[in-house]
Amino acid sequence: MAVVLASAAGLAGAVQAAVMGELGERVGIVPALAFAVVVSLACALTALLVWERSFAGVRAALHEPAWLWLGGVMSVFIVFAITVGPPRIGVTATIAVVIAGNLVSAALIDRFGLFGVDRVGLSWPRVAGFVLLALGAALTLRR
C-alpha cells in the first residue's frame, strides 16, 4: 500500500508542479502559494472531520515539540519551489531536481537516524543510485 501511495504522490507531484507554475505565472508566486495553502487546509480539515470527526488530533499536535511542525513549513517551501521552477526550467527539470534533493536529504536522514527515524546504512548500490539520479537531474536542465 505504501508503494502505491508513494507512486501516486509522484504522479500528483508532477501535476502539482505544472499547475502551480501556471498559477504562479498568472497571479504571482506568493498569491499562488497562499491560495494553495488555503486549499490544502480546507482539504485537510475536511479529511479530518470525515475520518476523525474531531479536531483533537490537531490540538494534540500543538502540544508536540515545535521541531515536529517542520513538516508544515517544508510543505510551504516545497510548494513555493515548484511554483517558481516550472516556468523557468520546465516541469521535468523541476521535478528531477526536487527528487534528487529529496533522495540526498533522505539518505542523510536515514544514515544518521535524524528526526527519530531508524538508521539505514549507505551501501555502494544506494550511493550509485544517488549519483545516477543526480546526473539524470542535471541532464534534464539541458534544453
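Which residues line the second largest pocket? The legends below start there. This is a predicted model, so local features need pLDDT of at least 70 and side-chain atom pairs count only at pLDDT 80 or more, while totals for chains, interfaces and linings use all residues. Residues are numbered from 1 along each chain as its sequence is written, and side-chain values use heavy atoms, with hydrogens and water left out.

**View 1. The second largest pocket and its lining.** Here's the list: Gln16, Val19, Met20, Leu23, Phe35, Ala36, Val39, Ser40, Cys43, Ser75, Ile78 and Val79. A pocket, on a 1 Å grid over the protein atoms alone, is an open set of points where a 1.4 Å probe fits, with protein on both sides within 12 Å along at least five of seven lines; lining residues have an atom within 4 Å of a point. The elements giving two or more residues to this lining are α1, α2 (29-51) and α4, and α2 gives the most, with five residues. Helices such as these are DSSP runs (H or I, at least four residues), numbered from the N terminus. The volume is about 340 Å³, meaning the space filled by probe spheres set on grid points that are joined across faces, edges and corners. By class, the lining has nine nonpolar, three polar and no charged residues (Ala, Val, Leu, Ile, Met, Phe, Trp, Tyr, Cys and Pro count as nonpolar, Asp, Glu, Lys and Arg as charged, and the others, Gly among them, as polar).

**View 2. The largest pocket.** This one has a volume of about 490 Å³. Its lining takes in 17 residues, and Ile78, Ile82, Val98, Ile99 and Asn102 lie nearest the centre. The elements that give two or more residues here are α1, α4 and α5. Once again there are no charged residues in the lining, just 11 nonpolar and six polar ones.

**View 3. A salt bridge inside helix α1.** Side chains of opposite charge can pair when their charged atoms come close. The rule for a salt bridge is a side-chain nitrogen of Lys or Arg within 4 Å of a carboxyl oxygen of Asp or Glu, and the count comes to three. In this view, glutamate 22 pairs with arginine 26, with the closest N and O atoms 2.8 Å apart. Why about one helical turn between them? Because glutamate 22 and arginine 26 are four residues apart in helix α1 (residues 2-27). Glutamate 22 is partly exposed at 41% relative accessible area, and arginine 26 is exposed at 65% (buried is under 20%, exposed over 50%, partly exposed in between, using a 1.4 Å probe and protein chains only).

**View 4. Two salt bridges that link helices.** Glutamate 25 meets arginine 88, with their closest N and O atoms 3.7 Å apart. Glutamate 25 sits in helix α1 and arginine 88 in helix α4 (residues 70-89), so the pair ties together parts 63 residues apart in sequence. Now for aspartate 110 and arginine 126, which meet at 3.5 Å, N to O. Aspartate 110 belongs to helix α5 (residues 91-112) and arginine 126 to helix α6 (residues 124-140), so this pair joins parts 16 residues apart in sequence. Aspartate 110 is partly exposed, at 22%, and arginine 126 is partly exposed too, at 28%.

**View 5. Two loop residues with positive phi.** Arginine 53 isn't a glycine, yet its phi is positive, about 55°. You'll find arginine 53 in the loop between α2 and α3 (56-62). Phenylalanine 115, not a glycine either, has a positive phi of about 60° and lies in the loop between α5 and α6.
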